Structures are given as structure tokens and as C-alpha cells.
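Q: Could you take a close look with me at one part of this protein, the place where its two halves meet? I would love a connected walk through it and its surroundings.

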Amino acid sequence: MARILVPVGDDLPRQADLVIIGGGIIGCASAFYASRAGMSAVVLERRDSLGALTTAASEECFRAQFDEPENVRMMLDSIAVFEEFAEFVGLKDWDIHLRQQGYLFMTAGDPQAVRARVERQRGIGLTDVEYLDGDQVRYRFPVIGPAVTAASWRAKDGWLSAHELTYGFAKGSSSLFALRTEATDIRTDGHGVAAVVTSRGQIATRRIIIAAGPYAGIVAGWLGVKLPLVNLRRQKAVLGRVPQVPRDAPMTIDNDTGAFWRPEVEGAALGWALPEEPTPPSEAVPTDWTFPATVLEGITHLTPFWNEVAESLTRDNVFLSAGQYTCSPDNKPIIGPFAGIPGVFFNLGYAGHGIMASPGGSRLAIELVLHPEQNQQNPFRLERFETETTTVCREGMVI
Ligand SMILES: Cc1cc2nc3c(=O)[nH]c(=O)nc-3n(C[C@H](O)[C@H](O)[C@H](O)COP(=O)(O)OP(=O)(O)OC[C@H]3O[C@@H](n4cnc5c(N)ncnc54)[C@H](O)[C@@H]3O)c2cc1C
């Protein structure tokens with residue numbers, strides 16, 4: 001049975017099979033798979049609750065429409081978990097508010113490029129992705145405008161509650177989640193990792209997972225490891241009430257620019273990965289009040305009803321938040337052991353995909369904790385990068 005608490009007295013164990021630094025979605029999913037494998041895991045989270053930093057800022061969407069086989073596999077694995085989540089974590093009636101309303105990637109450009117992408121995706125195992133021409137798009141989704149020439153569509157993509165997913169993984173585990181407990185250092189000895197120092201004392205352990213989101217680079221730095229990561233601000237605008245938004249609309253993306261929207265309760269969630277300079281990790285990422293107007297402009301071209309919405313929108317109907325994508329040079333996560341220090345494992349750098357990839361990525365992370373010798377076959381290993389790489393995320397990357 002999981003324990004989620006602010007430790008007092010002897011609550012914080014002095015020894016654990018595994019210590020996970022960070023209680024976001026990735027740390028919690030890792031703890032779940034660790035419990036399944038029979039390990040006693042302690043998750044350290046310095047905030048007051050789990051999933052309260054980047055995870056809370058997310059658009060909460062998931063898709064299997066990727067171009068690389070390892071991503072398609074990881075997302076299909078993950079979506080299978082979402083579809084059976086309550087049974088999977090053993091929590092009767094646990095509801096992650098799964099909405100499989102699809103992802104529609106639209107273009108006003110060359111339909112052949114979309115067709116080629118769909119064929120490529122089908123070739124790597126995504127058999128249920130569809131090509132739609134402009135008229136088929138408008139037939140299925142009447143709010144889509146005349147400029148659209150083609151789209152790719154997968155009905156089983158969608159969104160969910162990242163909060164319920166995080167707590168479902170935590171509560172379905174048998175791990176201890178220590179809130180308001182900060183990791184401050186990692187000790188090593190001749191055998192590798194020896195202990196994690198925390199704001200509430202030291203925990204002896206031979207294995208750690210660094211799952212500290214935007215702070216992962218700092219935590220790895222305690223060991224002298226320089227990870228090829230950058231943090232980029234990403235904003236989200238939620239519009240409270242928008243009657244024009246069809247409640248059954250999909251996640252709708254202008255794939256020429258990356259601007260997107262989807263229904264959210266009685267309104268919509270909007271976003272766009274605009275160019276940003278890398279920034280240090282932040283506990284309070286600032287927002288920019290020009291962002292909602294910019295996104296509205298971005299989505300109007302292919303979905304004209306947003307013009308009408310923009311004309312009558314008032315500030316008290318707009319809710320703005322921001323977090324950071326933590327990006328590796330290829331925008332894929334870094335998962336698995338660090339060859340330089342036995343007992344150090346990574347599960348980090350998920351960019352805009354940490355919610356959707358949390359089951360698949362964390363299952364792999366725990367398999368590699370148990371069998372580090374399998375890392376050669378792991379497409380997400382750190383060694384795929386040359387050291388000290390500093391390339392930043394591809395701009396315009398879509399969630
Ligand atoms: C605007 C926006 C939209 C997004 N939309 C999507 C989406 O639609 N779909 C999707 O899949 N992904 C999306 N993402 C990305 C997703 O939110 C992240 O990939 C995911 O939340 C990363 O989870 P995490 O657990 O690695 O990091 P976090 O959630 O940041 O968790 C890391 C935790 O570590 C803790 N921590 C750090 N250092 C320490 C320490 N020294 N001691 C103790 N605790 C520590 C932090 O307090 C934090 O709680 C979006 C991100 C943003 C910003």
C-alpha cells in the first residue's frame with residue numbers, strides 16, 4: 001500500500017532498494033513499476049504535492065502519431081495502459097478522465113507530404129492512422145475551413161487528467177512518497193551510488209533514478225555529469241466558456257505552424273510551441289499576456305470560427321499557465337543507466353511528451369534498473385549523444 005506523506009520522526013526510511021528523485025508523473029510512474037518488480041522505492045518530492053511542477057502545466061494530451069518506431073512503440077504501450085488504467089494499477093473505479101477524441105494534423109500545403117507521412121507511419125506499425133483529403137476532413141469535422149487540403153487522423157489519440165494519472169500510479173504502487181523533502185546531494189563510494197542526502201536526513205541506497213524534470217540537469221551535476229538538456233518555456237491558454245467549440249472535436253493541429261486547440265470542459269485548451277531561448281529551471285515560469293492572442297491568430301487560418309470567438313473574448317475567460325519542456329537534442333527522453341557510476345539511472349528529458357510516454361518510458365526505466373546489461377538495445381540510452389551536445393529543441397514542435 002502506498003504512503004504519500006510529509007515525513008515526521010522515523011517516517012523517512014534510512015535505507016531503500018531504490019530512491020527516485022522527483023515526484024512528477026515520471027517519478028510516480030517509475031515508483032509504480034518499481035513496486036511491481038518487488039523493489040522498495042522512496043520518491044523524494046520537495047513540493048507540497050505530487051505532479052505539481054511541469055506535470056501540472058501540461059496540455060494532458062497523448063498520441064501515437066510519431067515518425068520514429070521507438071516512439072510509436074512507447075506511445076502504443078502507454079495508450080494501452082491508459083485504456084485499462086484502473087485495472088492496471090489495481091484501483092477500482094479510478095478515473096483518469098480518458099477522452100479518445102483523436103488527433104487531427106492538418107495542412108494547407110502539399111497533400112502528398114501528409115500521405116507520405118501516413119504511409120511511413122503505417123510501415124512502422126501504426127496501422128490505424130488514416131489519410132484524409134480536405135473534403136473528408138470537412139465532412140467529418142464541419143468546423144474546419146476551406147484552406148485545409150489534407151490531414152492525418154488517428155481516432156484513438158486524445159487526452160486525460162495528468163493529475164489523476166500521477167496519483168493513480170502513486171496510489172497503485174507500494175512505494176513511499178516523501179513530500180516537502182528535497183534531495184540535496186548524492187553520495188558515492190567504491191561500488192557506485194551509496195546514499196541520497198535529503199533535507200530530512202540520509203537514505204542509504206545502491207540505486208537512484210533521476211526524474212527531476214527541469215531540475216534533472218542540476219541533480220546530475222552533483223555527480224559531475226553534464227546532461228545534454230535545455231529547458232524551454234511553454235505556455236498554455238485555457239478559455240473557460242466557448243460555445244462555438246464542438247464538445248466532440250479532436251485535438252486539432254495546424255501542422256504547418258504547430259498551433260493547436262482542443263475542447264476542455266465548456267471551453268478549450270490552446271497552445272503553440274513558439275520560439276524561446278533556453279532558461280534555467282524555474283519553480284514559477286512567467287506567462288506572457290500576448291500569448292492567447294498569438295495562438296488565436298495561429299489557429300484561425302484553418303479553423304475560422306476562432307475569428308468569431310476572438311472578437312467576443314474577455315480577459316476573465318482566459319486562464320494562462322506555463323511550464324518548461326526539458327529537451328534532449330533529439331527531443332526524445334533519456335532513459336537508463338549511466339555507465340560512469342553504477343547505480344545511477346535516468347528517466348528524464350521528455351520534452352512535450354512526458355504525460356503520454358510515462359507508462360512506456362517508466363516501464364523501460366525499471367527494466368533497465370533490473371537489467372542494466374540490456375542498455376545496448378535501448379534506443380533512449382544517453383550514449384546515443386556525443387557528450388556535451390547543446391542543440392536545442394526543434395522549434396514548432398507539436399505536443
Ligand atoms: C505547457 C506544456 C504543455 C505540455 N503538454 C503536454 C501534453 O499534452 N502531453 C504530454 O505528454 N506532455 C506534455 N507536456 C510535457 C509534460 O508536462 C512533461 O514532459 C512531464 O510533466 C514531465 O514530467 P516529470 O515528472 O519529468 O517532471 P515534473 O513534473 O517537473 O516533475 C519533476 C519533479 O521533481 C521535483 N524535484 C526537482 N528537483 C528535486 C529535488 N532536488 N528534490 C526533490 N524533488 C525535486 C520537482 O519539484 C517536480 O515535482 C507539456 C509541458 C508543458 C510545459
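How many residues of domain 1 are in contact with how many residues of domain 2?

A: Happy to walk you through it. Please keep in mind that this is a predicted model.

Let us begin with the division of the chain. The protein chain splits into domain 1, made of 3-58 + 163-229 + 329-384, and domain 2, made of 100-157 + 231-326. Taken over C-alpha atoms, the centres of domain 1 and domain 2 are separated by 31 Å. Where they touch, 14 residues of domain 1 are in contact with 11 residues of domain 2. On the domain 1 side of this contact, helix 2 and helix 8 (216-221) each supply at least two residues. By class, that side of domain 1 has 10 nonpolar and 4 polar residues, and no charged residues.

Now for the ligand. Both domain 1 and domain 2 give residues to the shell around the ligand, so the ligand lies between them. In total, 43 residues surround the ligand, and the closest are G22, G24, G213, G323 and G354. Sorted by class, this shell has 20 nonpolar, 15 polar and 8 charged residues. Helix 1 (25-36), helix 2 (54-57), strand 14 and strand 18 are elements that each supply at least two residues of the shell. Helix 2 is therefore worth finding on your screen, because it supplies at least two residues to the ligand shell and at least two to the side of domain 1 that touches domain 2,.

Strand 14 and strand 18 lead us into a sheet. Here 8 strands form an open sheet in the order 6-7-5-15-16-17-14-18, and the pairing is mixed. Strand 6 (130-133) and strand 18 (318-327) stand at the edges, each with a single partner strand, so one side of each has no neighbour in the sheet. On average, neighbouring strands of this sheet are turned by 20° against each other, direction ignored. Strand 14 (residues 230-239) and strand 18 run antiparallel and are joined by 10 bridges. If you want one pair to look up, take N231, whose bridge partner in strand 18 is T326. Towards the other end of the strand order, helix 5 (residues 111-123) lies across strand 5 (103-107), strand 6 and strand 7 (150-154), running at about 25° to strand 7.

There is also another sheet to look at. This open sheet of 3 strands has the order 10-11-12, with antiparallel pairing. Strand 10 (183-189) and strand 12 (201-204) are at its edges, each with a single partner strand, so one side of each is left without a neighbour in the sheet. Its neighbouring strands are turned by 25° against each other on average, direction ignored. Strand 10 and strand 11 form a hairpin with 2 residues between them, and 6 bridges join these antiparallel strands. Within that pairing, R187 stands opposite A195 in strand 11. Strand 11 (residues 192-198) also pairs with strand 12, in the antiparallel sense over 4 bridges. There, T198 has G201 of strand 12 as its bridge partner.

Finally, a helix pair. Helix 3 (residues 69-83) packs with helix 11 (residues 358-370) at an angle of about 110°, and their axes are 6 Å apart. That makes helix 3 roughly perpendicular to helix 11. Helix 3 brings M74, M75, D77, S78 and V81 to the contact, while helix 11 brings S358, P359, G360 and G361. By class, the contact of helix 3 with helix 11 has 4 nonpolar, 4 polar and 1 charged residues.

Notes:
Residues are numbered from 1 along each chain as its sequence is written. This is a predicted model: local features need pLDDT of at least 70, side-chain atom pairs count only at pLDDT 80 or more; totals for chains, interfaces and linings use all residues. Two strands pair if DSSP finds at least two bridges between them. Axes are lines fitted to C-alpha atoms, for helices over the stretch in contact, and angles run from 0 to 180 degrees between N-to-C directions. Two residues are in contact if their C-beta atoms, placed from the backbone, lie within 7 Å. A residue is near a molecule or strand if its C-beta atom, placed from the backbone, lies within 6 Å of it. Ala, Val, Leu, Ile, Met, Phe, Trp, Tyr, Cys and Pro count as nonpolar, Asp, Glu, Lys and Arg as charged, and the others, Gly among them, as polar. Domain bounds come from an automatic or database domain assignment. Angles under 35 degrees count as roughly parallel, over 145 as roughly antiparallel, 65 to 115 as roughly perpendicular and the rest as oblique.
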